Amino acid sequence: AGALEPRVRISVRDTGIGIAAADQQRVFEDFYQVGNAERSRSKGLGLGLAIVRRQAHLLGASLRLDSRLGEGSCFEVELPAVAHDGHG
């Protein structure tokens, strides 16, 4: 077995309302928002997590969501680590 590829994990955690299990995959769809049935633009467009999912895929990153109603959510992106040579 070869050496494990170094990875970098970025986590964003909130203490918001949480996301029900039934909605956890849907929040990554274009224009889907939990709790915005009236489609109020003041609450955003529902594109942010769809963009994150696309960018993670392009970068070869994994994307994970852990959320519990009433407790908040944690989003994690795990990327391949890249050594920086100090130039450019």
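This passage describes the fold, the core and selected residues of a predicted model.

The protein chain contains one helix and three strands. Along the sequence these elements follow the order β-α-β-β. The chain has 88 residues, and 25% of them count as buried. Its accessible surface is about 6,600 Å². Carbon and sulfur atoms contribute 56% of that area. Among contacts with a separation of 6 or more, 56% join residues 24 or more positions apart.

The largest nonpolar core comprises six residues. These are Ile19, Val27, Phe28, Tyr32, Leu65 and Phe75. Phe75 has contacts beyond its neighbours within four places in sequence. Its partners include the core members Ile19, Phe28 and Leu65. Phe75 also contacts Ile10, Ser11, Val12, Leu49 and Arg64.

Ile10 lies in strand β1, which covers residues 7–13. Its relative accessible area is 44%, so Ile10 is classed as partly exposed. Ile10 joins Val8 and Val12 in a nonpolar surface patch of about 240 Å². Two of these patch residues, Ile10 and Val12, are also contacts of Phe75.

Glu76 belongs to strand β3, residues 72–80. Glu76 counts as buried because its relative accessibility is 14%, under the 20% cut-off. Its side chain makes a polar contact of 3.3 Å with the side chain of Ser11. With neighbours within four places set aside, Glu76 contacts Arg9, Ile10 and Ser11. Under that same exclusion, Ser62, Leu63 and Arg64 are also contacts of Glu76. Glu76 and Val12 are 64 residues apart in sequence, yet their C-alpha atoms are 6.5 Å apart.

Leu63 is found in strand β2, which spans residues 62–68. Leu63 is partly exposed because its relative accessible area is 28%, between the 20% and 50% limits. Residues up to four places away are again left out of its contacts. Leu63 then touches Phe28, Val52, Arg53, Ala56, Glu76 and Val77. One of these partners, Phe28, is a member of the largest nonpolar core. Leu63 and Glu78 are 15 residues apart along the chain. Their C-alpha atoms are separated by 6.6 Å.

Taken by strand, the contacts of Glu76 in β3 include Ile10, a residue of β1. They also include Leu63, a residue of β2.

Notes:
Residues are numbered from 1 along each chain as its sequence is written. This is a predicted model: local features need pLDDT of at least 70, side-chain atom pairs count only at pLDDT 80 or more; totals for chains, interfaces and linings use all residues. Side-chain values use heavy atoms; hydrogens and water are left out. Patches are made of residues with over 30% relative accessible area and no salt bridge: like charges are joined within 9 Å, nonpolar side chains (Val, Leu, Ile, Met, Phe, Trp, Tyr) within 5 Å. Accessible areas come from the Shrake-Rupley method with a 1.4 Å probe; for residues, only the protein chains shown count as cover. A salt bridge is a side-chain nitrogen of Lys or Arg within 4 Å of a carboxyl oxygen of Asp or Glu. Helices (H or I, at least four residues) and strands (E, at least two) are DSSP runs, numbered from the N terminus. Buried means under 20% relative accessible area, exposed over 50%, partly exposed in between (1.4 Å probe, protein chains only). A nonpolar core is a set of buried Ala, Val, Leu, Ile, Met, Phe, Trp, Tyr and Cys residues joined through side-chain atoms within 4.5 Å. Contact means heavy atoms within 4.5 Å. A polar contact is a pair of N or O atoms within 3.5 Å; within protein, one must be able to donate a hydrogen and the other to accept it, and residues adjacent in sequence count only if both atoms are side-chain atoms.
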